[in-house]
Protein chains: 2
Amino acid sequence: MQQLDHTFAALADPTRRAILARLALGEATVGELAEPFEVSLPAISKHLKVLETADLIIREKRAQQRVCKLKPEALKTASDWIEQNRRMWEERFDRLDAYLRELQSRETDNGNG
Amino acid sequence: MQQLDHTFAALADPTRRAILARLALGEATVGELAEPFEVSLPAISKHLKVLETADLIIREKRAQQRVCKLKPEALKTASDWIEQNRRMWEERFDRLDAYLRELQSRETDNGNG
DNA sequence: CTTGCATTTAACCGACTGGTTATTTAACTT
DNA sequence: AAGTTAAATAACCAGTCGGTTAAATGCAAG
């Protein structure tokens, strides 16, 4: 799924994750978002475009500023993928674990009998 | 956190996600993993290295083959980050929603009084 | 010890990334 | 209309990515 590509790629950058964390505290303008970072404004603008393409945020005009807000739905897609797979993985490991325990107990039985 | 960078970057590629999904069904050799894809073996080998660096899989020698297995712990790191943030985001949106509802009801009260 | 198989490494390629500075666009202020 | 402010775009750069083919490695079996 191409949506997942974009979401995970967007989340793979620490600056972008920090921007998202900041936005979780409330909407902010591009300038406000850029302020804590030591990179240029165009760099932040590019990060915001990546986040917007990944559907993680929206930017809306407000006078001469652009206000950024989170869009929580997209994160759910990624979260769902991970959780679904994690469940599969762990089931698999649980089965393996049970199998190994069974082997173990059989050997013990043989050893004792 | 650098671990998150690697994990999300690894998950951002559809071939790598497919490999993980395959491995959820059980361990597999490099050749077995490569078989369903239309790319060369070295390409798969590189993907596996990315997954290994991200700590999502381990490769162990078995005769002249390398057997790949999932390592579920790393996925938890990513899952935790997403879930934690998702909760923050949604709380934020819940608060905003409550606030807007309150505004609405006040205006209604004023209009009626 | 040579042959064969499974996989990795090397060298290379075009496309993309994250950064820069300089320029342009858009909207408010005077 | 001219100036100021906020942000985006353009053009560029070094580095990484995902892919290739060809060569090297590791191991088992004759």
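In chain A of this predicted model, β2(A) and β3(A) form a hairpin with 2 residues between them, and A:A63 in the turn has a positive phi of about 55°. Helices and strands are here DSSP runs numbered from the N terminus, helices being H or I runs of at least four residues and strands E runs of at least two. The model is predicted, so that local features are reported only at pLDDT of at least 70 and side-chain atom pairs only at pLDDT 80 or more, whereas totals for chains, interfaces and linings use all residues. Residues are numbered from 1 along each chain as its sequence is written, chains are lettered from A and ligands numbered from 1 in the order in which they are written, and side-chain values use heavy atoms, with hydrogens and water left out.

The two arms of the hairpin, β2 (residues 57–62) and β3(A), pair in the antiparallel sense over 6 bridges, where two strands are taken to pair if DSSP finds at least two bridges between them. Within this pairing, A:R59 has A:C68 of β3(A) as its bridge partner, and A:I58 is matched in β3(A) with A:K69. The hairpin strands belong to an open sheet of 3 strands in chain A, with the order β1-β3-β2 and antiparallel pairing. Its edge strands are β1 (28–29) and β2 of chain A, each of which pairs on one side only. Helix α2(A) lies across β1, β2 and β3 of chain A and runs at about 85° to β3(A), while α4(A) lies across β2 and β3 of chain A at about 120° to β2(A). Contact here means heavy atoms within 4.5 Å; axes are lines fitted to C-alpha atoms, for helices over the stretch in contact, and angles run from 0 to 180 degrees between N-to-C directions.

The loop between α1 (2–11) and α2 (14–24) of chain A contains A:D13. The side chain of A:D13 reaches the backbone nitrogen of A:T15 at 2.8 Å, and the C-alpha atoms of A:D13 and A:H47 are 9.0 Å apart in space although 34 residues separate them in sequence.

Chain B also has an open sheet of 3 strands, with the order β1-β3-β2 and antiparallel pairing. In chain B, β1 (28–29) and β2 (57–62) stand at the edges with a single partner strand each, so one side of each is left without a neighbour in the sheet. The antiparallel strands β2(B) and β3 (residues 65–70) of chain B are joined by 6 bridges, and B:E60 stands opposite B:V67 in β3(B). Helix α2 (residues 14–24) of chain B packs on this sheet, touching β1, β2 and β3 of chain B, with its direction at about 85° to that of β3(B); α4(B) lies across β2 and β3 of chain B and runs at about 120° to β2(B).

Chain A is superposed on chain B by a rotation of 180° with 0.0 Å of shift along its axis, at an RMSD of 0.0 Å. That is the relation of a two-fold axis. The superposition is by least squares on the C-alpha atoms of residues with pLDDT of at least 70 in both copies. Of the interface residues of chain A, 100% are also interface residues in chain B, so the copies meet through the same surface.

DNA strand D is surrounded by 22 residues, the closest being A:S45, A:R59, B:S40, B:K46 and B:H47, where a residue is near a strand if one of its heavy atoms lies within 4 Å of it. Sugar and phosphate account for 76% of the atoms of DNA strand D that come within 4 Å of the protein. Among the polar contacts, defined as pairs of N or O atoms within 3.5 Å (within protein, one must be able to donate a hydrogen and the other to accept it, and residues adjacent in sequence count only if both atoms are side-chain atoms), an N or O atom in the side chain of A:R59 is 2.6 Å from a phosphate oxygen of DNA strand D. A polar backbone atom of A:G31 is 2.9 Å from a phosphate oxygen of this strand.

Around DNA strand C there are 22 residues, of which A:S40, A:K46, A:H47, B:S45 and B:R59 come nearest. A polar side-chain atom of B:R59 lies 2.6 Å from a phosphate oxygen of DNA strand C, and an N or O atom in the side chain of A:K61 is 3.1 Å from a phosphate oxygen of DNA strand C.
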